[in-house]
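Trainee: I would like a close look at a single part of this model, taken slowly and with its surroundings included. Could you choose one helix and work outwards from it?

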Amino acid sequence: MTPAEPPPAAVTESVPDSGAMPGPDGRPRCPWGLSTPDYLAYHDEEWGRPVHGDDALFERLCLEAFQSGLSWLTILRRREGFRAAFAGFRIAEVAAFTDEDRARLLADPGIIRNRAKVDATLANAKVLADWKPGELDEVIWSHAPAPRPAPRTLADVPAVTAESTALAKDLKRRGLRFVGPTTAYAMLQACGLVNDHLADCAVREG
């Protein structure tokens with residue numbers, strides 16, 4: 001998940017020429033991953049590693065949408081609350097949520113209580129429940145770009161690409177909501193369809 005900052009874009013804007021920097025263990029990492037222990041763990045253990053499976057990708061898609069306009073850290077620290085509120089992001093179960101569930105979500109302090117984002121999540125689950133098993137995985141991974149040179153600094157990391165724009169259009173055409181090119185690119189980064197760890201980052205080839 002990631003960058004509207006890298007995973008947050010704001011980080012790229014604040015230190016555009018920053019390359020990899022030493023972490024607490026002396027190993028170089030992407031600068032955004034060093035700002036908090038939460039980011040360090042996410043950077044080292046999750047961001048950029050391949051994610052497959054419809055439910056797992058649905059979770060990432062939903063959380064990236066909830067992150068829109070907010071710090072990714074805000075979402076990261078509420079992730080377990082989101083999982084509890086949305087039945088582990090199991091598509092079939094979320095698709096069966098009722099008006100009572102919607103009211104429960106809008107009153108849940110463990111998530112981001114944004115009406116438009118909650119409604120989009122529920123609507124998207126209903127759409128995806130009608131897809132064949134593996135279809136969401138197939139659609140998303142069909143937009144993985146060809147390998148490209150590793151970014152040297154944060155300034156080399158884009159916020160939107162032709163592939164993310166195409167993915168957003170494809171998902172919207174198929175009935176999904178709250179998926180724009182920036183959100184789509186954040187998902188491509190977070191789920192390992194692109195590798196945007198900086199060239200000197202110790203995690204890049206790990």
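Mentor: What follows is an account of helix H8 and then of the parts around it. Please keep in mind throughout that this is a predicted model.

H8 covers residues 115-128, and its length can be checked against a simple expectation. At 1.5 Å a residue, the 14 residues of H8 should span 20 Å, and since the C-alpha atoms at its two ends are 20 Å apart, the expected and the computed values agree. At the start of the helix, asparagine 114 places a side-chain oxygen within 3.1 Å of the backbone nitrogen of alanine 116.

Which residues of H8 are buried? They are Lys117, Val118, Ala120, Thr121, Leu122, Ala123, Asn124, Ala125 and Leu128. The cover over these buried residues includes helix H3 (54-67), helix H6 (91-95), H7 and helix H9 (135-141), and two of these partners, H7 and H3, deserve a closer description.

With H7, which spans residues 99-106, the axis of H8 comes within 10 Å, and the two axes cross at roughly 140 degrees. The crossing in which H7 passes H8 is right-handed. On the H7 side the contact is made by Arg102, Leu105 and Leu106, while H8 contributes Arg115, Val118, Asp119 and Leu122. Sorted by character, the residues of this contact comprise 4 nonpolar and 3 charged, with no polar ones. Val118 and Leu122, then, take part in the contact with H7 and also belong to the buried residues of H8.

H3 can be put through the length check that was applied to H8. Its 14 residues should span 20 Å at 1.5 Å a residue, and the distance of 20 Å between its end C-alpha atoms agrees with that. H3 is mostly covered, with 12 of its 14 residues buried; among them are Asp54, Leu57, Glu59, Arg60, Cys62 and Gln67, together with Phe58. After H3 comes glycine 69, which has a positive phi near 85 degrees.

Phenylalanine 58, which is found in H3, gives a residue-level view of how H3 and H8 meet. It has a relative accessible area of 0% and is therefore buried, the limit being under 20%. Leaving out residues up to four places away in sequence, phenylalanine 58 touches Thr121, Asn124, Ala125 and Leu128, and also Phe89, Ile91, Val94 and Leu136. Of these, Thr121, Asn124, Ala125 and Leu128 are buried residues of H8. Phenylalanine 58 and histidine 43 are 15 residues apart in sequence, and their C-alpha atoms are 20 Å apart in space. That histidine is itself one of the buried residues of helix H2, which are Tyr39, Leu40, Tyr42, His43 and Asp44, and the buried residues of H2 pack against strand E2, helix H4 (72-76) and helix H11 (181-190).

Phe89, named above as a contact of phenylalanine 58, leads on to the loop between helix H5 and H6, where phenylalanine 89 is found. Most residues other than glycine have a negative phi, and this loop holds residues that depart from that pattern. The phi of phenylalanine 89 is positive, near 60 degrees, although the residue is not a glycine, and alanine 87 likewise has a positive phi, of about 50 degrees, without being a glycine. Alanine 87 is found in the loop between H5 (79-85) and H6. Are these two residues buried or exposed? Alanine 87 counts as buried at 13% relative accessibility, and phenylalanine 89 counts as buried at 0%.

To close, I would set beside this region one residue from the loop that precedes H2. Threonine 36 is found in the loop between strand E2 (28-29) and helix H2 (37-45), and it is buried because its relative accessible area of 16% is under 20%. A polar atom of its side chain lies 3.0 Å from the backbone nitrogen of tyrosine 39, a residue that is among the buried ones of H2. Apart from neighbours within four places in sequence, threonine 36 is in contact with Leu73 and Arg77.

Notes: Residues numbered from 1 in each chain as written. Predicted model: local features only at pLDDT ≥ 70, side-chain atom pairs only at ≥ 80, totals over all residues. Heavy atoms only, no water. Axes fitted to C-alpha atoms, helices over the stretch in contact; angles between N-to-C directions. Helix = DSSP H or I, 4+ residues; strand = E, 2+ residues; numbered from the N terminus. Left-handed = near helix turned anticlockwise from the far one by under 90°. Contact = heavy atoms within 4.5 Å. Nonpolar A, V, L, I, M, F, W, Y, C, P; charged D, E, K, R; others polar. Expected span 1.5 Å × (residues − 1). Buried < 20%, exposed > 50% of the residue type's maximum accessible area, 1.4 Å probe, protein only. Polar contact = N/O pair within 3.5 Å; in protein donor to acceptor, adjacent residues only side chain to side chain.
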